[in-house]
Amino acid sequence: MKICYIISDIDKAVYFEQTALALRKKGVDVSYILINCTNKTLHLFLKENDFPVFTLETPSLLKSRKAIGECKVLLKQLEIEVVHCHLAHANWIGLWASKRAGIKTRIYTRHSGEPLKLHWKERLIDKIQNRLATKIVAISKNIDDLLNHQAVPKSKRILIHHGFDLERFSNPDSEEVERIRKQYNPDNLNPTIGVISRWLELKGIQYIIEAFQKLLKDYPNAQLSLFGASENADYSSEISELLKQLPKKNISIVSFENNVYDLYQLFDIYIHVPVNPSCEAFGQTYVEALAAGIPSIVTLSGVAREFIVPEENALVVPFKDSQAIYDSMIRLLNDPFLCEKLASNGLNSVQGLFSFEDYILKLQELYSL
């Protein structure tokens, strides 16, 4: 069976790299069409590992007719039997192209939750894509509920959680850990409060900043490490204004770090607090932080609703509550036994749900349906 992954607007993605290698190891014949990814890290990785990979460019969904035609030609030339699309441009172009190419199995993975403000055009796009697809992968029960709300039949939906190299997160590379500490915390400020998130309103970073400002009165040498910063994000200007209220020496702002496995060891506490139950589609960082053994403060959004147990594997705070975030930080910093308990239980709680091997087996089952 010939399968084609169509992926858009990605630079570095360990998730797709590992999936490619694992599917090949299982004997799956997989090709790649990348959209707006030419010469990016994922493109180069696939080329270096001798995967059939092709690239297309498109400025927007509205101007994607040419890319749809080119994609259709590639799919027919490759004699593809199953198409699996990931992310916005890939979903739109890949599903239309595969439909026009007469491919009977058309899959897309829903990676996005429901935005805080949903435009009617987004509703229309969702409706069209849900009809074009023959199967839709929900990455969490949160997404499965959203698809059900959008009237997608149960027979068309399948729940497949992301898979993770959990052992790698729990066994950090000491040299890399030291490199990361020197690069991002050269003055050895502590405690270090970690955040890995795009600067979007729905991620709740604004409440973390407010809580950290209070923490500085108790711990003037604390550091707030913000990874995932983006000047193009829809809430970056608001976050930048809030950060001006903090001393520069106590803030570390980083757009991207390639080594996510060892990055978590930089943090004494990890925080991820999306602003409502449904805005987070999955939240890989929930799993990664617990797999890395880092005491975490979270809100119950995305996949956290399925496995986070308050006071057992993480501290849970209400949505949009900077005071609760501050209080939880103080608890963790004053209670090493609680930190040890959360770290141990956190690792145990992710082992069964998010193994990478199970994820690959479920993909194989999906492709054989």
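How many aromatic pairs does the structure hold? This predicted model holds 18 aromatic pairs. Take Phe164 and Phe354. Their ring centres lie 6.2 Å apart and their planes meet at 90°, so this pair is edge-to-face. The contact links distant parts of the chain, 190 residues apart. Phe164 sits in the loop between β7 (157-159) and α7 (166-170). Phe354 sits in the loop between α15 (336-351) and α16 (356-367). Phe164 has 5% relative accessibility, so it counts as buried. Phe354 is buried too, with a relative accessible area of 0%.

Tyr184 and Phe227 make another edge-to-face pair, 5.1 Å from centre to centre, with 85° between the planes. Tyr184 belongs to helix α8 (residues 174-184) and Phe227 to strand β9 (residues 223-227), so the pair ties together parts 43 residues apart in sequence. Tyr184 is buried, with a relative accessible area of 9%. Phe227 is buried as well, at 2%. Both rings belong to a cluster linked by ring pairs. Its other members are Phe169, Tyr261, Tyr264, Phe267 and Tyr270.

Now turn to the charges. A search of the whole structure finds twelve salt bridges. One of them joins Glu357 and Lys26, with the closest N and O atoms 2.9 Å apart. Glu357 is in helix α16 and Lys26 in the loop between α1 and β2 (29-35), so this bridge ties together parts 331 residues apart in sequence. Glu357 counts as partly exposed, at 42% relative accessibility. Lys26 is also partly exposed, at 36%.

Arg168 and Asp262 meet in a salt bridge of 2.7 Å, N to O. Arg168 lies in helix α7 and Asp262 in helix α11 (residues 260-263), so the two tied parts are 94 residues apart in sequence. Arg168 is partly exposed, with a relative accessible area of 24%. Its partner Asp262 is buried, at 0%.

Is the salt-bridge pair of Glu280 and Lys203 buried or exposed? Both residues are buried. Their side chains meet at 3.0 Å, N to O. Here the bridge runs from loop to loop, across 77 residues of sequence. Glu280 is in the loop between β11 (269-272) and α12 (284-291), and Lys203 is in the loop between β8 and α9 (205-218). Elsewhere, Glu176, Arg179 and Glu257 are linked in a network of salt bridges.

Some charges form a surface patch. Arg65, Lys72, Lys76 and Arg100 make up a positive one. Which helix gives the most to the positive patch? Helix α3 (residues 65-77) does, with three residues. Arg100 comes from helix α4 (residues 88-100).

Last comes the backbone. Most residues other than glycine have a negative phi, and most peptide bonds are trans. Three sites depart from these patterns, as follows. A cis peptide bond joins Asn190 and Pro191, with omega about 0°. Pro191 lies in the loop between α8 and β8 (192-196). Asn188 is in the loop between α8 and β8 too. Asn188 has a positive phi of about 55°, although it is not a glycine. At 59% relative accessibility, Asn188 counts as exposed. Asp9 also has a positive phi, near 55°. Asp9 is placed in the loop between β1 (2-8) and α1 (14-25). Its relative accessibility is 40%, so Asp9 counts as partly exposed.

Notes: Residues numbered from 1 in each chain as written. Predicted model: local features only at pLDDT ≥ 70, side-chain atom pairs only at ≥ 80, totals over all residues. Heavy atoms only, no water. Patch = residues over 30% accessible without salt bridge, like charges linked within 9 Å, V, L, I, M, F, W, Y side chains within 5 Å. Areas by Shrake-Rupley, 256 points an atom, 1.4 Å probe, with all protein chains shown as cover. Salt bridge = Lys/Arg side-chain N within 4 Å of Asp/Glu carboxyl O. Lys, Arg positive; Asp, Glu negative; His and termini not counted. Charge placed at Lys NZ, Arg CZ, Asp CG, Glu CD. Helix = DSSP H or I, 4+ residues; strand = E, 2+ residues; numbered from the N terminus. Phe/Tyr/Trp six-rings, centres within 6.5 Å; stacked < 30°, edge-to-face > 60°. Buried < 20%, exposed > 50% of the residue type's maximum accessible area, 1.4 Å probe, protein only.
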